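Please walk through this model with the sequence at hand. The paragraphs below begin with one element and then widen to the chain and its details.

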Amino acid sequence: MQQKIERLDSWIYYALCGFSLSLFSTVAGSSIFLGFSIALFAVRIVLRRSDLLEPFKIYRRFVYAYGLFVLAMLVSALLSGDIRQGVGLVVSRQGYYVMPCVIVMAIVRDKDRLIVLAKLVLFSLLANNLCLLWKTWSLYGKVDELRVDGLVGFMALAAVYSVAIPVLYLGAAYFKGRWRWICFVSGLSCIAANLFTGTRSGWLTSAAVLVVVAVLYTKSKGKLIVGVLAAVACMTIVFMASPRLGERLASMGSLEKQASVTDRFSMWHSAVNVWNDYPVLGIGVGQYEKAYQTKYCLPGSEDYKRKPDQRHKHPHSNFMLILSEAGIVGAATFLFFLGLLLWFSLHGWWKTKDVLYLVLLSILLGTQLQGMMDTNIKMTVVSKAYWFLMGITLQLIAVNCDGKITVLTHGKDE
């Protein structure tokens, strides 16, 4: 039996390798490998499940907090008026997308294997970057507005680069030799690709998170100031050399004239109106789209001029979607879970100076800050990448600490 279990664990690991390598290169491929991983994991549970919960014990507070969030979403789904749709969305968003994190933490406990998974994710991202930059080169001068996607859509890439750029900065600063240069060059490719997506939320978020982790990680404030000035100078040259990028940047100074921005404000206002009418448990999971299109779309907005079925399907904000669909209960449990993770990453960094805590912080801030301006939890690529990278990072932290994380155990040092 033991040999069968070890063989099955190896198959699950290889399926995760395929998932890692296809994460940013093919949505269909990543879904196939994830489905294969889940199927094998189900078999593993049947054969032996006694050891699968062990890695989660040190993170039990996170598990309980996430369980509260899922419970709040389920209650909202059951009271939504369309139970099948609501429960289906909860199973998808809070269940299926989380499975990469669960499987990694339950099965992969070897540091070398975890690092291999992280490297394969990087290779997948670089393949996407090469495709995006090649398309940029091919289209430059042939289209009026240059907004390029790679192997996945540019809106999803805005969230991905908001995480990847600060993480690769940490890698370039932390590693020595070959991997320092790999992280540095990969980071430059992500910055270039991020620019050509033309997604302003990605520009703002990646820059903000990069500044946060740089301030926390860099000991010499003199070097930090020089680095910031050099980065600003390089970006200034880039935007001056490209009129289209310059125009896109300049548009951020007149947001009130941007239909995409004013419509976001209108949709957030509409989401708040929905919450005002359904304050405790929200209008129900999956019900925002119909309610907004038929009742809550604000007169005077650009969206209002369209036919109801052609209006936006989400409020372009993770938090506003949760607030309107699950009310104050769903929003509070979501913020509680996120707050625990943020506290863990910051407190862990201050206590141990382990760079993995800043990687975790980058994943959290990059995804959730960009998610304040776009509903990235609805994007398959973003949700799967978010939870997969979370799983790898949390497991690496546990491995480094030999399963004894003092900032989580009983709330005090041991």
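Helix 7 covers residues 154-174, 21 residues in all, and its first and last C-alpha atoms lie 29 Å apart. That is close to the 30 Å expected at 1.5 Å a residue, where the expected span is 1.5 Å times one less than the number of residues. Helices here are DSSP runs of H or I with at least four residues, strands are runs of E with at least two, and both are numbered from the N terminus. Helix 7 does have a kink of about 30°, centred on valine 160; the bend at a residue is the angle between axes fitted to the seven residues ending there and the seven starting there. Of the 21 residues in helix 7, 15 are buried, so the helix is mostly covered. Buried means under 20% relative accessible area, exposed means over 50%, and partly exposed lies in between, with a 1.4 Å probe and protein chains only.

The model is predicted; local features need pLDDT of at least 70, side-chain atom pairs count only at pLDDT 80 or more, and totals for chains, interfaces and linings use all residues. Residues are numbered from 1 along each chain as its sequence is written, and side-chain values use heavy atoms, with hydrogens and water left out. The pLDDT, the predictor's confidence in each residue from 0 to 100, averages 88 over the protein chain, and 91% of the residues score at least 70. Over residues 409-414 it stays under 50, and the model has 8 contacts there beyond four places in sequence. A contact means heavy atoms within 4.5 Å. Where pLDDT is low, the predicted coordinates should not be read in detail.

The protein chain as a whole has 16 helices and 0 strands. Its C-alpha trace spans about 65 × 55 × 40 Å along the principal axes. The radius of gyration is 22 Å, which agrees with the value near 22 Å for a compact globule of 414 residues; it is taken over C-alpha atoms, and the globule rule is 2.2 Å times the number of residues to the power 0.38. Of the 414 residues, 49% count as buried. Among contacts with a separation of 6 or more, 77% join residues 24 or more positions apart. The accessible surface comes to about 19,600 Å², and carbon and sulfur atoms hold 67% of it; the areas come from the Shrake-Rupley method with a 1.4 Å probe, and for residues only the protein chains shown count as cover.

Helix 9 (residues 200-217) follows the expected span: its 18 residues should reach 26 Å, and its end C-alpha atoms are 26 Å apart. Its buried residues include Trp203, Val209, Val213 and Tyr217. Alanine 207, also in helix 9, is partly exposed because its relative accessibility is 39%. The C-alpha of alanine 207 is 7.7 Å from that of serine 162, although the two are 45 residues apart in sequence.

Helix 14 departs from the straight-helix span. It has 35 residues, but its end C-alpha atoms are only 32 Å apart, short of the 51 Å that a straight helix would reach. A kink of about 135° is centred on alanine 326 in this helix. Phenylalanine 337 lies in helix 14 and is buried, with a relative accessible area of 7%. Leaving out residues up to four places away in sequence, phenylalanine 337 touches Phe62, Ala65, Tyr66 and Trp387.

Two residues beside helix 14 deserve a look at their backbone. Most residues other than glycine have a negative phi. Lysine 353, just after helix 14, takes a positive phi of about 60°, and this residue is in the loop between helix 14 and helix 15 (355-370). Histidine 316 also has a positive phi, near 60°, and is found in the loop between helix 13 (288-296) and helix 14 (318-352). Histidine 316 counts as buried because its relative accessibility is 9%.

Arginine 306 lies in that loop between helix 13 and helix 14. With a relative accessible area of 35%, arginine 306 is partly exposed. Beyond four places in sequence, arginine 306 touches Asp263, Arg311 and His312. Arginine 44, in helix 2 (residues 27-47), is buried at a relative accessible area of 2%. Its contacts beyond four places in sequence include Asp9, Asp51 and Ile107.
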